[in-house]
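Student: I have a chain on screen and want to read it properly. Can we work through it by question and answer?

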Amino acid sequence: MDLVEKFDAKGKTGAPYHVEVYQTQQDEADAAALAFSRSYKLADGRALDPLTNEKFRIVQTGEKIYRV
């Protein structure tokens, strides 16, 4: 998996987070599978579930965070 993007996010309390987006290499012709080949993690290694393109849930705590 390759690191393809980094961005900042904040929780409802204003706590800052650094998100890293990893992507597995796919055949470019398979664009539909491309969306499912991405994984989101906090810089400290905790996994994220993407809820929308702007909203994520920290798997371990259930806290929702938002892209800034």
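Tutor: Start with a term: a residue is buried when its relative accessible area is under 20%, and exposed when that area is over 50%. Keep in mind that this is a predicted model.

Student: What share of the residues in the chain is buried?

Tutor: Apply the cut-off of under 20% relative accessible area. The chain has 68 residues. The buried share comes to 22%.

Student: Which pattern does the chain follow along the sequence?

Tutor: Count the elements before ordering them. The chain has 1 helix and 6 strands. Read along the sequence, they give β-β-α-β-β-β-β.

Student: How much of the area that the chain exposes comes from carbon and sulfur atoms?

Tutor: Take the total before the share. The chain exposes about 4600 Å². Carbon and sulfur atoms supply 51%.

Student: Which strand supplies the largest share of the largest nonpolar core?

Tutor: That core has 11 residues, among them Phe 7, Tyr 17, Leu 42, Phe 56 and Ile 65. Strands E1 (2-11), E2 (16-23), E3 (38-42) and E5 each supply at least two of its residues. The largest share is 3 residues, and it comes from E2.

Student: Is Phe 56 buried or exposed?

Tutor: Place the residue before judging it. Phe 56 lies in strand E5, residues 55-58. Its relative accessibility is 0% and the cut-off is under 20%, so Phe 56 counts as buried.

Student: How far apart in space are Phe 56 and Ala 9, C-alpha to C-alpha?

Tutor: Both residues belong to the largest nonpolar core. In sequence, Phe 56 and Ala 9 are 47 residues apart. In space, the C-alpha to C-alpha distance is 9.1 Å.

Student: Leave out residues up to four places away in sequence. Which residues does Ile 58 touch?

Tutor: Ile 58 is another member of the largest nonpolar core. Its contacts include core members such as Tyr 17, Leu 42, Leu 48 and Ile 65. With that sequence limit, the full list is Tyr 17, Leu 42, Arg 46, Ala 47, Leu 48, Glu 63 and Ile 65.

Student: Now the charged side chains. Arg 38 and Glu 5 meet in a salt bridge; how many residues apart in sequence are the parts they tie together?

Tutor: The N to O distance in this salt bridge is 3.7 Å. Arg 38 lies in strand E3 and Glu 5 in strand E1, so the pair ties together parts of the chain. Their separation in sequence is 33 residues.

Student: Is Asp 44, the salt-bridge partner of Arg 46, buried or exposed?

Tutor: The side chains of Arg 46 and Asp 44 meet at 3.0 Å, N to O. Arg 46 is partly exposed, with a relative accessible area of 25%. Asp 44 has 51% relative accessibility and the cut-off is over 50%, so Asp 44 counts as exposed.

Student: Which residues do salt bridges that share partners join into one network?

Tutor: Arg 67 forms a salt bridge with Glu 54, with the closest N and O atoms 4.0 Å apart. Arg 67 lies in strand E6 and Glu 54 in the loop between strand E4 and E5, so this pair ties together parts 13 residues apart in sequence. Through shared partners, the network joins Glu 5, Arg 38, Glu 54 and Arg 67.

Technical notes. Residues are numbered from 1 along each chain as its sequence is written. This is a predicted model: local features need pLDDT of at least 70, side-chain atom pairs count only at pLDDT 80 or more; totals for chains, interfaces and linings use all residues. Side-chain values use heavy atoms; hydrogens and water are left out. Helices (H or I, at least four residues) and strands (E, at least two) are DSSP runs, numbered from the N terminus. Buried means under 20% relative accessible area, exposed over 50%, partly exposed in between (1.4 Å probe, protein chains only). Accessible areas come from the Shrake-Rupley method with a 1.4 Å probe; for residues, only the protein chains shown count as cover. A nonpolar core is a set of buried Ala, Val, Leu, Ile, Met, Phe, Trp, Tyr and Cys residues joined through side-chain atoms within 4.5 Å. Contact means heavy atoms within 4.5 Å.
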